[in-house]
Amino acid sequence: MTEHATATDTATLAADAVVLDIDGVLVDVAESYRRAIVESVEFVYDRTIRKADIQQFKDAGGFNNDWELAHAAALYVLATSEGYDASIGEFTDAIAAEGGGLEAAETVVRDGIGARATQRVTSRWDRERLRDVFQQQYLGTELYRALEGGEPDAELADEAGFIHDEPVLLSAETRDWLVDAYDGAVGVLTGRPEAEAELALDRVGLADEISVEHRFTMDDWEEGKPHPRALTTLADRFDAERVVFAGDTLDDIRTATNANEADATREYHGIGVLTGGLTGDDGRRKYEAENASAVLESVNDLPALLGA
């Protein structure tokens, strides 16, 4: 395993291809996707979790799909009304122990309150409605109509949408360096739907630089991170022996780790950035505990890491 590196280290990595996550790496989603999680649960159930709680679900694993994270948050809120008294931290720790993800969350609730109470919870747990409200709030009226083909709730009509509150994290200098240094060998692996990924890539200036065959979105694979298939497929398409994958969650690092196990013919390096939910010394420690090949302050430290 390559020596851990930080933004100030002199250690560098050799790579033939670079794969980038979008959320928390190319754009900041604290006031968009994460806000939509909190507010969609609040809109549907009049109670919700705190934005700060979201990272605990992310760390538990299996929640790269923010719709499913909203579903898990709603499940927790509903379960507490049926006597579930564990804290968010205890709930997400139990989810992690069950393997992560929404199915694990259901198991934790059922084990915590029993079958009858769980049945009452799930009878009120409307995942389709949660997803729809999430999309209305995230996309805003105009994009919701265009992409989802529906008519928004009266209370949410004429909203601009949280998608417009996604500051760009990738500098123009870093973008241009990556495109030039890895001509044709820059890819994207994201949990976003394809249309929303295209909007973000256009915003950061990469929509025309990364070909469709070098992108994996929610629409391209069922497994989701940390399953390695998308990353190993991209490596094969790049014909690359050494691949760097930069992400903002522990599941991104686990994706690279799993790719190394699944594909012994190549090297995969998971790079953690501290511009998503994992920040500061605590975020660095969590990445290092997952054996990240490097931990960077932001995606803009990639050129130095890669030998610029």
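The exercises below work through salt bridges, burial and contacts in a predicted model.

**Exercise 1. Find the partner of D21 and say which parts of the chain the pair ties together.**

Step 1. The partner of D21 is K225: the two form a salt bridge whose closest N and O atoms are 3.3 Å apart.
Step 2. Place both residues. D21 sits in the loop between β1 (17-20) and α1 (33-45), and K225 in the loop between β3 (215-216) and α9 (229-238), so the bridge ties together parts that are 204 residues apart in sequence.
Step 3. Classify each side by the cut-off for buried, under 20% relative accessible area. D21 has 4% relative accessibility and counts as buried. K225 is buried too, with a relative accessible area of 6%.

**Exercise 2. Treat the pair E82 and R120 in the manner of the previous exercise.**

Step 1. E82 and R120 form a salt bridge, with 3.0 Å between the closest N and O atoms.
Step 2. This pair links distant parts of the chain, 38 residues apart: E82 is in the loop between α3 (66-80) and α4 (88-97), while R120 is in helix α5 (residues 102-124).
Step 3. Partly exposed residues fall between the 20% and 50% limits. E82, at 25% relative accessibility, counts as partly exposed. R120 is partly exposed, with a relative accessible area of 44%.

**Exercise 3. Locate D251 and R254 and describe how they are paired.**

Step 1. Both residues lie in helix α10 (residues 250-262), 3 residues apart, about one turn of the helix.
Step 2. An α-helix has 3.6 residues a turn, so residues three or four places apart point the same way.
Step 3. D251 forms a salt bridge with R254, the closest N and O atoms being 3.0 Å apart. D251 counts as buried at 3% relative accessibility.
Step 4. Elsewhere, D23, E166, R192 and R203 are joined into one network by salt bridges that share partners. The search of the whole structure finds 26 salt bridges.

**Exercise 4. State which residues of α9 are buried and what covers them.**

Step 1. The buried residues of α9 are A230, L231, T232, L234, A235 and F238.
Step 2. Their cover includes the strands β1, β2 (186-189), β3, β4 (242-247) and β5 (267-273), together with helix α10.
Step 3. Look just past the helix: α9 is followed by D239, which has a positive phi, near 55 degrees.

**Exercise 5. Describe the surroundings of G270 and of S298.**

Step 1. G270 belongs to strand β5 and is buried, with a relative accessible area of 5%.
Step 2. Leaving out residues up to four places away in sequence, G270 touches F245, I253, A256, A292, S293 and A294.
Step 3. The C-alpha atoms of G270 and L250 are separated by 9.4 Å, and these residues are 20 apart along the chain.
Step 4. S298 lies in the loop between β6 (294-296) and α12 (302-305). With a relative accessible area of 15%, S298 is buried.
Step 5. Apart from neighbours within four places in sequence, S298 is in contact with V273 and T275.

**Exercise 6. List the members of the negative surface patch that contains D202, and classify D202 as buried or exposed.**

Step 1. D180, D183, D202, D208 and E209 gather in a patch of negative charge on the surface.
Step 2. D202 is in helix α8 (residues 194-204).
Step 3. The cut-off for exposed is over 50%; D202 has a relative accessible area of 53% and is therefore exposed.

Definitions and conventions. Residues numbered from 1 in each chain as written. Predicted model: local features only at pLDDT ≥ 70, side-chain atom pairs only at ≥ 80, totals over all residues. Heavy atoms only, no water. Patch = residues over 30% accessible without salt bridge, like charges linked within 9 Å, V, L, I, M, F, W, Y side chains within 5 Å. Areas by Shrake-Rupley, 256 points an atom, 1.4 Å probe, with all protein chains shown as cover. Salt bridge = Lys/Arg side-chain N within 4 Å of Asp/Glu carboxyl O. Lys, Arg positive; Asp, Glu negative; His and termini not counted. Charge placed at Lys NZ, Arg CZ, Asp CG, Glu CD. Helix = DSSP H or I, 4+ residues; strand = E, 2+ residues; numbered from the N terminus. Buried < 20%, exposed > 50% of the residue type's maximum accessible area, 1.4 Å probe, protein only. Contact = heavy atoms within 4.5 Å.
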